[in-house]
Amino acid sequence: MPKSSKKKKEKAVDFSKAKLKLGKGKQLPSNVVDTSFKARSIALPTQSIAVEKDATLPTTRRKQSFDDLLSLMKHYNANTRKDAILSFRELFGLHPDIVESSMTILLGACVRMIGDEDAGVRKTLLSFLSWLLPLISKEDLIPHVPMLILFTTSAQTHIFPEIRIDAVRFLDLFLELVPESVVEGWIQGNPGHGKRVLEGYLGILSAGTKYGDTEGEVKATLTASVVLSSQSKLVVLKSLSAFLTHAVSQQLRPSNHVTSNLDPAAVPLPTWFLAPSFRSARSFSAYERLFQSESVDYQSQLDAEHPRDDFICMPDFATGPLATDWSLNDLSGLSLAQTESLTRLNSNTSSLIHLARTLYSTLLASYLDCAPVVFSPSTNPPEAELNLLTVTARIMRTLYGSILQDRFSLSVAEEETLCDELSTLLGHMTGYFPFRPARREIKVEHAFQDLNVIYCELTALLVLVSFRRPSGDISRKARFPTSRSHASYVKHESKLTLQAGLVRTYVTRLLLGEDNFGAQISRPLIPTMYIALLPTIWALLNQPKESHTRSQGEAHTDTVLSAMLDHAIRTTSNSAVKGLTVEFVARILLLETETDYCGHFDVRNTGEQKKFREWILHLPRTLWEIGPHNMAASEIIIRSLLRLLHRGSIMIKHEEIIGLQTRLTPFFMITHPVRGRLPGPFTKIPTSSQLIRSLAVDLVVTILSVSARSEGEERENLMIAVGSAVSGTLEEGYWQQLVRATGLS
């Protein structure tokens, strides 16, 4: 029975139909033959015996040519790509003559590796470009910048955050080499890649969407989902600070700015903070040009029809046919052209305002995160947090400083909003000011000193804005009738007064050479730091008398002025700050000679007349010590004395005239008790600096012209010294004509 059942089942299998299942393909028969096949190939591109290699081609020590390395830049293996970059450096080091000819092809291959997913490749590429690009002239590099920026901005929005941070490092390199090309077009509507670069910064910082959307609320970008570490945020903010510094400096550079022809690297003295103290932009523009050196040809002979503007002691030479060649329309057009840069509304200010408001929360959060660690009273701060807080403060100074410097382009509402934001930021910093480290350490002390100076600058901006408008304008209280109550306004002003008092004390100590510990500071003021302090010094000097408070620990305005004059006199002649101190003090003295000056500071009521006269009499000695070593500083000193004499400064009286005559004589001729008469530093001034030599002669003639004829010995000694110094030079005829024309002979 079982056997019969089994046979029946076996017979049924032969005639049964297999059921198809869903998703299963048709089953192949058991006797099917597989006819498929596989093939593999071996590629030997570098071992072909059919191609003959050119032995004259430049190669590396491993016999790799430029084309060989170029093909390896696209290799799938990251180590091979990295080795190819290193081999390129070896190739160019052995054969520097091929760098220029291969630059287009090479950079075309390198830019595609800026966003490489391997960190080692990106680091090697950055090192290679940091070595290669400085070897190329700026003119040859600029045509390749758009391609470099295009791939770098693409890497700024990469999905991986480490690639975005490395893209910022590439931008740092480009900002160092070609900053103008990187920031070009950062304002909406202008051509260039700067707008995309700025959008990339904001995206990494989670600061906002597309830059330029001035309407609406700021929203986070798609690349803002990753929280940056302190080190990564420092890289981004440091690069952003450099970008904004270059962008704003180009935008706000005055059109009438003239650098010294004698020293193009000299740092110019800013004067923007003095503008609110003048009734009109035209008068301030004329005041601003008092010390600007114009490119004029040297005149060895007097020309009554075409006098030099530098010679200012004889106004008779400026009269004649020139006065009759101008019409009223010509004069009106001239004044408008001179003041165009001051009166024209800055169309880019709105973009700066939007950028400041966009970054406000980011800057505030960055400061609040770092402040407790940086200002710890027990230990010195970590380097990353200290640098991050310093960079944050610099961005605040760049943005708010560039906006609040413009007195014409801000509405009342915009000014109120910006001042509130800046006041909030300063309010969080005031509790720690003046900033000092827990322990004495040179590097940390320098960083804290920079922070103190930035705090002083930002406070000075608020002080300058508080009395920016003339007294005849609407009052400060009336300017905020809706958004700020009287109680809030009083609280704001009292806080600002407290901050100004703290700043006054710190600036006084800094100018006197003391630090926060009461000891002498470890480094003297450098030009950039002194320039950064000038708005603060002026804001403290120009404060109304009724706003001065004498709370404990605060220094009076006269103390600030005394410290400033002491610093100007004490600064050595070979210091890079000397020329800046001379020009600033001279400008302060010249304010009382300006008819349109309307500031609160009055040099006649300071009680420092003795110190001002001491400063004037130390200038000839400084001129003698400088000699032929610093022509830019010599020009500033001579022009300062010329302007003060021409304007009839109240600080130059009979005693000062006698003192100037006596002290200027050694500049032209030295009388040695043993060796007799020796030539002074004037004779060592190179003939290429004819302007300085002629200005020195003009100064002597001006002093002799305003002095009395009965002054005898000092007068004769000076004339003999000048006559001996110019003998046999181009200035001899010029000196003799001036003597005859002024009746000094």
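Which handedness does the crossing of helix 23 and helix 24 have? The crossing is left-handed, a crossing being left-handed if the near helix is turned anticlockwise from the far one by less than a right angle, and right-handed if clockwise. Helix 23 spans residues 609-626 and helix 24 residues 631-647, and the two pack at an angle of about 150° with their axes 10 Å apart. Helix 23 is therefore roughly antiparallel to helix 24; angles under 35 degrees count as roughly parallel, over 145 as roughly antiparallel, 65 to 115 as roughly perpendicular and the rest as oblique. Axes are lines fitted to C-alpha atoms, for helices over the stretch in contact, and angles run from 0 to 180 degrees between N-to-C directions. Helix 23 contributes Trp-615, Ile-616, Leu-619, Thr-622, Leu-623 and Ile-626 to the contact, and helix 24 contributes Ala-633, Ser-634, Ile-637, Ile-638, Leu-641 and Leu-644, where contact means heavy atoms within 4.5 Å. By class, the residues of this contact are 10 nonpolar, 2 polar and no charged. Ala, Val, Leu, Ile, Met, Phe, Trp, Tyr, Cys and Pro count as nonpolar, Asp, Glu, Lys and Arg as charged, and the others, Gly among them, as polar.

The model is predicted, so that local features need pLDDT of at least 70 and side-chain atom pairs count only at pLDDT 80 or more, whereas totals for chains, interfaces and linings use all residues. Residues are numbered from 1 along each chain as its sequence is written, and side-chain values use heavy atoms, with hydrogens and water left out.

The protein chain holds 28 helices and 2 strands; helices (H or I, at least four residues) and strands (E, at least two) are DSSP runs, numbered from the N terminus. Of the 745 residues in the protein chain, 49% are buried, where buried means under 20% relative accessible area, exposed over 50%, and partly exposed in between (1.4 Å probe, protein chains only). Among contacts between residues at least 6 apart in sequence, 74% join residues at least 24 apart.

Helix 25 (residues 654-668) has 15 residues and reaches 22 Å from its first C-alpha to its last, close to the 21 Å expected at 1.5 Å a residue. The expected span of a helix is 1.5 Å times one less than its number of residues. Buried in helix 25 are Glu-656, Ile-657, Gly-659, Leu-660, Gln-661, Leu-664, Thr-665, Phe-667 and Phe-668. The elements against which these buried residues pack include helix 23, helix 24, strand 1 (669-672) and strand 2 (676-679). Helix 26 (690-706) and helix 27 (713-725) are also among these elements.

The axes of helix 25 and helix 27 come within 9 Å and cross at roughly 25°, which means that helix 25 is roughly parallel to helix 27. This crossing is also left-handed. On the helix 25 side, Ile-658, Gln-661, Thr-662, Leu-664, Thr-665 and Phe-668 meet Glu-714, Arg-715, Asn-717, Leu-718, Ala-721, Val-722 and Ala-725 of helix 27. This contact comprises 7 nonpolar, 4 polar and 2 charged residues.

Earlier in the chain, helix 16 (residues 383-404) and helix 17 (residues 412-430) have axes that come within 11 Å and cross at roughly 145°. Helix 16 passes helix 17 in a left-handed crossing. Met-396, Tyr-400, Ile-403 and Leu-404 in helix 16 meet Leu-418, Glu-421, Leu-422, Leu-425 and Met-429 in helix 17; these residues divide into 8 nonpolar, no polar and 1 charged.

Two helices are largely enclosed by the rest of the structure. In helix 22, 13 of the 13 residues are buried, so this helix is largely enclosed. Helix 22 (residues 578-590) reaches 18 Å from its first C-alpha to its last, close to the 18 Å expected. Helix 4 (residues 103-110) is likewise largely enclosed, because 6 of its 8 residues are buried. These are Met-103, Leu-106, Leu-107, Gly-108, Ala-109 and Cys-110, and their cover includes helix 2, helix 3 (78-94), helix 5 (119-132) and helix 7 (145-156).

Individual residues complete the description. The peptide bond from Phe-433 to Pro-434 is cis, with omega near -5°, and Pro-434 lies in the loop between helix 17 and helix 18 (442-466). Lys-63, in the loop between helix 1 (2-14) and helix 2 (66-72), has a positive phi of about 60° although it is not a glycine. Lys-63 counts as exposed because its relative accessibility is 63%.
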